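Colleague: Could you take me through this model with care, giving the criterion behind each term when it comes up?

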Amino acid sequence: DLLVVGSANADLVIGVERRPAAGETVLGSDLAVHPGGKGANQAVAAARLGARTALLARVGDDAHGRLLLDSQRDAGVDTSGVLVGGAPTGVALITVDPSGDNSIVVSPGANFRLTPEDVRAAAGLLRSSRVVSTQLEIPLESVAEVARAVRDLPDGTTRLVLNPSPPRPLPEEVLAACDPLIVNEHEARVIVGGDLQGAPEDWARALLGLGPRSVVVTLGAEGALVASAAGTVRVPAVKVDAVDTTGAGDAFTAALAWRLGQGEPLAEAAAYAARVGAAAVTRAGAQESFPTAEEVAAL
Ligand code: ADP
């Protein structure tokens, strides 16, 4: 039902008292290795909710790639679209200081070798999906190929969900295919290409003016906002004790994409996604924090 096209990274995390200056060495905590990357996160989040989910991604022929494949399979994701080789698996080197601030170096590795040809070769997976969800941790030309492939599907019933993260200005043909474009405030600012004027409703209208069929603005603890030609609707936040917001956006997007594929209207799908995002912030980590449908219902 759901196809996620995106990145898969190994997150290598070390706690430090303070970050090293140039030429300096500091000692840190034991290394923690977590499966991550927005594509891999979204696929696991959807599968954990019970969605039939496939992942189109590229990892290296190495231990990190095997970790990512294992974590996807453990969650029940169809990994037949995960390509192996061409470069080392993408890695995020993360140091965390005692105040919880992160410094991150990303090596995109195999993620940047997921080519438009790879997308074209996955035509069968695309055709058999009701919703395709993607992000920008893979080459933009591959995202554009996904947008064209979805647009050109004969029956026209597959929709594209795009979370443009990390954000950059988007070509018209990509924007026009989004239904919805999902952004937080920072992403909205980059996509609009200037200062955001007024209230989130105004940002959403500015984004709609760029061509997507619908827009969702996520507002963290303030919930979200849904906008389309039919107007704008606020999605209230679910009150929870936030422990760690890592992965909340990925959980939200995955849940929204799945519910849209189940035929739910956008505002209802967003309300469900807000519950999933809220559940994800009550636990530490990214993939470890994603809830099951039962846990969402109990919230
Ligand atoms: P991103 O991680 O992409 O910046 P947000 O922080 O806006 O995305 O989170 C995505 C969604 O998760 C929000 O729209 C909201 O529904 C939910 N969420 C995030 N943080 C909280 C929070 N502290 N309390 C309740 N819900 C939250």
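Modeller: What follows is a set of questions and answers on a sheet, its neighbouring helices and the positions annotated in a record.

This is a predicted model, in which local features need pLDDT of at least 70 and side-chain atom pairs count only at pLDDT 80 or more, whereas totals for chains, interfaces and linings use all residues. Residues are numbered from 1 along each chain as its sequence is written.

Colleague: In what order do the four strands of the open sheet stand?

Modeller: Strands here are DSSP runs of E with at least two residues, helices are runs of H or I with at least four, and both are numbered from the N terminus. Two strands count as paired if DSSP finds at least two bridges between them, and on that basis the pairing in this open sheet is mixed. β3 (32–36) and β7 (102–107) each have a single partner strand, so one side of each is left without a neighbour in the sheet. The order of the four strands is β3-β2-β6-β7.

Colleague: Which residue of β7 stands opposite Leu 93?

Modeller: Strand β6 covers residues 90–96 and runs antiparallel to β7, with six bridges joining the two. The residue of β7 that stands opposite Leu 93 is Val 105.

Colleague: At about what angle does helix α2 run to β3?

Modeller: Axes are lines fitted to C-alpha atoms, for helices over the stretch in contact, and angles run from 0 to 180 degrees between N-to-C directions. Helix α2 (residues 63–75) lies across β2 (9–15), β3 and β6. Its angle to β3 is about 60°.

Colleague: Is Gly 37 buried or exposed?

Modeller: UniProt, in an unreviewed entry, lists Gly 37 under the feature "binding site", together with positions including Asn 9, Lys 38 and Asp 250; such annotations may be inferred rather than shown by experiment, feature names are shortened, and positions are given in the numbering used here. Gly 37 lies in the loop between β3 and α1 (38–49), and its contacts (C-beta atoms, placed from the backbone, within 7 Å) beyond four places in sequence include Asn 9 and Glu 137. A residue is buried if 20 or more other C-beta atoms lie within 10 Å of its own, exposed if 12 or fewer, and partly exposed in between, with C-beta atoms placed from the backbone. Because Gly 37 has 30 such neighbours, it counts as buried.

Colleague: How many other C-beta atoms lie within 10 Å of Ala 40?

Modeller: Ala 40 is placed in helix α1, and the unreviewed UniProt entry includes it in the same "binding site" feature as Gly 37. Leaving out residues up to four places away in sequence, Ala 40 touches residues including Pro 35, Leu 55 and Leu 68. It is buried, and the number of other C-beta atoms within 10 Å is 32.

Colleague: Within what arc do the buried residues of α8 fall?

Modeller: In helix α8 (residues 200–208) the buried residues are Pro 200, Trp 203, Ala 204 and Leu 207. They pack against β10 (178–183), α7 (185–192), β11 (214–218), β12 (224–228) and β13 (231–235). Taking the directions from the helix axis to the C-beta atoms, the buried residues line one face of the helix, since they fall within an arc of 100°.

Colleague: Which residues does Asn 184 contact, leaving aside neighbours within four places in sequence?

Modeller: Asn 184 lies in the loop between β10 and α7, and with 19 other C-beta atoms within 10 Å it is partly exposed. A "binding site" feature in the unreviewed UniProt entry includes Asn 184, Thr 218 and Gly 249. The residues in contact with Asn 184 are Thr 218 and Gly 249.

Definitions and conventions:
Two residues are in contact if their C-beta atoms, placed from the backbone, lie within 7 Å.
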